[in-house]
Amino acid sequence: MMIFFLQLSVLFLMIIIFNSFITNIESDQGISLTPVLNGFASVDVQDQSGLISKYINPSVINVIPSNFSTSLNNIALGKTTGFLYVPGNAAEKIRTGQSIDMIVYLDSSDPKSSVVRDEVNSTAKVISQSYSNSLSASATPQNTTIPTINQVSTGEPLPLQIIKKVMLVILLFLPLLLFGNIIIDSVVGEKERKTAEILIAMPLSQAQIIIGKSMAVALTISLQVFMWLIILLIAGFNINNPLFVFIFIFLTSIPIIGITTVVAAYSKNYKEAGIGLSIVYIGIVGFLIVPVLFYISRKSFLSNISPMTIVMRLFSGESISLPDYALALICILVVSIISYWIAIKLFERDDIIFGPRPGILRLIFDLITFKKF
Amino acid sequence: MDSNEVMIKIESLTKSFGRIKALDNLNLEIKRGELLGIIGPNGAGKTTAIRMACCILKPDFGDIIINGYSIHYDPIKIKSMIGYLPEEPNLYERFKAKDLLKYFAELYGVPNKDIDGRIDELLELVGMTERRDDRINTFSKGLRQRISVARALIHDPDIIILDEPTMGLDPATANSIRTFIMKMKGKKTMILCTHYMEEADSLCDRVAILNKGRIIDVGTPRYLKSKIHGDVILKVKIQKSVDLVNFQKKIMQFSSVGAVDFVDGEFLISLKHRNEISDIVDLFNNEIISINTKEPTLEDVFINTVR
């Protein structure tokens with residue numbers, strides 16, 4: 001019970017950290033989210049003067065010459081991130097000290113649009129600085145024109161797209177990764193306390209023992225996720241479909257508990273289980289987060305293999321097709337069946353519980369040859 | 001209750017741990033209501049055998065049939081019939097005594113209406129009524145063993161299996177456990193693994209001697225003791241200078257002598273009767289340092305058999 005509330009308070013503290021992070025992002029001194037990746041984002045540009053093509057950083061954004069109607073169509077199809085319109089006489093106007101208006105069209109639902117916006121802003125400043133310097137040098141200080149950019153965009157402020165979609169989904173999944181110690185205690189603890197002997201002597205099968213212990217942890221996780229969601233909603237986070245979000249996070253906890261139980265069933269003691277769990281959780285976190293990032297950049301169907309992607313889309317209010325749901329659910333089901341099967345089979349083995357414990361290679365050999373498995 | 005009915009039948013039981021053969025073709029039958037003792041040196045396979053009977057371990061080969069059920073096919077039914085007291089009284093430390101018993105009662109499927117009464121009865125039996133609300137982590141080893149006995153009996157099992165129940169306990173607690181075993185004797189089928197020969201001798205209907213995974217001998221304590229060739233053992237401590245082989249030959253010529261051993265400077269002479277004791281003593285003449293007689297014990301049988 002104490003661990004449960006300690007974990008909840010840790011999660012609660014994270015809201016405060018999270019909020020301060022957002023405040024920083026939104027401030028003028030905000031943290032740049034622009035990744036340095038070739039071809040990460042592209043922007044269609046209508047710029048007869050060649051001003052933007054000359055100054056924009058090609059290592060960040062691909063500049064594609066285009067026109068208004070083609071570009072808007074490309075944005076809708078996801079082929080490009082935005083469209084920048086620069087007046088044809090921009091260079092001439094700047095030279096004569098007049099201001100110019102550039103217009104950038106962005107799809108705010110695409111988180112890469114933040115990169116385009118940052119880069120266009122930055123380019124405008126570079127152009128301004130460059131001309132200011134040249135005019136200062138020619139002793140005509142009245143010509144310190146700064147190009148202004150008008151943004152035409154829809155949706156939420158851009159950096160918050162990434163923060164809300166990625167960081168919030170990570171926050172929502174955190175409780176799942178905080179329960180490893182309880183699973184370890186309930187399985188490895190039986191070995192360390194040497195109570196496994198009387199437990200196995202009960203009129204229960206090893207499968208019932210493993211499933212029973214896992215269910216107890218799953219129910220505790222569900223309670224914590226439920227409370228956590230309530231806290232986030234009270235704290236003002238915009239979470240659409242909270243019930244479905246809760247159900248998906250709970251479903252995701254089942255295979256994670258299964259995998260943790262496999263580690264716990266094989267481990268001799270807490271120390272070994274702790275090391276094993278750290279390694280395994282790196283893989284689990286990677287499996288959950290990488291498809292989310294992939295989805296943000298490519299909107300690929302396969303990204304839905306991670307339940308985290310589905311949860312992110314659910315709380316963002318996106319409409320999700322049946323195949324997308326099915327992919328995530330099949331992944332949960334398959335990983336659950338495999339992990340619980342291995343955990344039960346390990347717990348049924350005398351040598352795993354009472355020793356001498358076989359090596360992993362030996363277990364794999366037994367698995368392949370169906371010996372003792 | 002038919003006392004001739006076989007309750008537990010162990011058939012060709014074999015088990016290895018890695019390269020170590022813990023049990024090697026073990027065969028044994030235990031009748032309903034019988035108290036069978038299993039004695040043997042450390043590593044003889046006693047605990048392995050009873051763990052298999054409790055379906056905690058699986059044999060590599062062979063079977064145990066308990067009340068008609070096989071450990072391979074009906075482990076759950078077998079487990080529900082057995083009350084098992086392991087060697088170490090390891091329990092869930094944070095439970096209170098009564099809560100621990102309630103927890104196990106529920107796991108064993110004791111009807112809810114019977115649980116409280118059963119807990120009171122067992123706490124009374126093991127003399128722990130006063131400590132019912134105390135946590136396990138406040139108990140001494142003796143108290144833990146007593147609460148473990150209560151735990152093993154919570155579902156009123158037909159079979160009780162006790163692995164070294166008195167090991168490491170003070171004489172008073174050990175005696176209370178033995179008294180409890182005596183109370184249960186005849187009512188339940190029991191297996192008692194022990195290192196204490198007197199315990200096996202005084203409590204058990206039959207004793208099986210196990211060594212290196214095999215049954216060396218099995219029978220009533222009286223039968224086993226009779227196998228060391230006599231009703232009495234004459235112990236004669238002699239000078240080191242005597243001719244041992246010559247003396248041994250001479251002793252064997254007496255009709256009452258069943259066997260002669262020389263251990264730690266002492267002749268151990270098994271006699272069928274006491275009539276010739278004085279003649280044997282005369283044989284040693286002035287070479288005797290000390291002399292005494294004793295009844296053969298299971299320890300003598302054990303040392304004789306396992307040696």
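pLDDT is the predictor's confidence in each residue, from 0 to 100. Keep that handy, since this is a predicted model.

**Exercise 1.** Work out where chain A's confidence drops below 50.

*Solution.* Start with the overall picture: chain A has a mean pLDDT of 81, with 80% of its residues at 70 or more. Next, look at residues 28–37 of chain A, where the pLDDT is below 50; the model still gives this stretch 16 contacts beyond near neighbours in sequence. Residues 154–158 of chain A also fall below 50, and there the corresponding count is 11 contacts. Where pLDDT is low, don't read the predicted coordinates in detail.

**Exercise 2.** Find what the stacked pair F83(A) and Y105(A) ties together, and decide whether its members are buried or exposed.

*Solution.* First the geometry: the ring centres are 5.8 Å apart and the planes 25° apart. Stacked requires planes under 30 degrees apart, so 25° qualifies. Now place the residues: F83(A) is in strand β3 and Y105(A) in strand β4, so the pair ties together parts 22 residues apart in sequence. Finally, check burial, for which the cut-off is under 20% relative accessible area. F83(A) comes in at 0% and Y105(A) at 19%, so both are buried.

**Exercise 3.** Do the same for F247(B) and F284(B).

*Solution.* This pair is stacked too, at 4.9 Å centre to centre with 5° between planes. F247(B) belongs to helix α9 and F284(B) to helix α10, 37 residues apart. F247(B) is buried at 11%, and F284(B) is buried at 0%.

Terms used: Residues are numbered from 1 along each chain as its sequence is written. Chains are lettered from A and ligands numbered from 1 in the order in which they are written. This is a predicted model: local features need pLDDT of at least 70, side-chain atom pairs count only at pLDDT 80 or more; totals for chains, interfaces and linings use all residues. Side-chain values use heavy atoms; hydrogens and water are left out. Contact means heavy atoms within 4.5 Å. Rings of Phe, Tyr and Trp (its six-membered ring) pair if their centres lie within 6.5 Å; planes under 30 degrees apart count as stacked, over 60 as edge-to-face and the rest as tilted. Helices (H or I, at least four residues) and strands (E, at least two) are DSSP runs, numbered from the N terminus. Buried means under 20% relative accessible area, exposed over 50%, partly exposed in between (1.4 Å probe, protein chains only).
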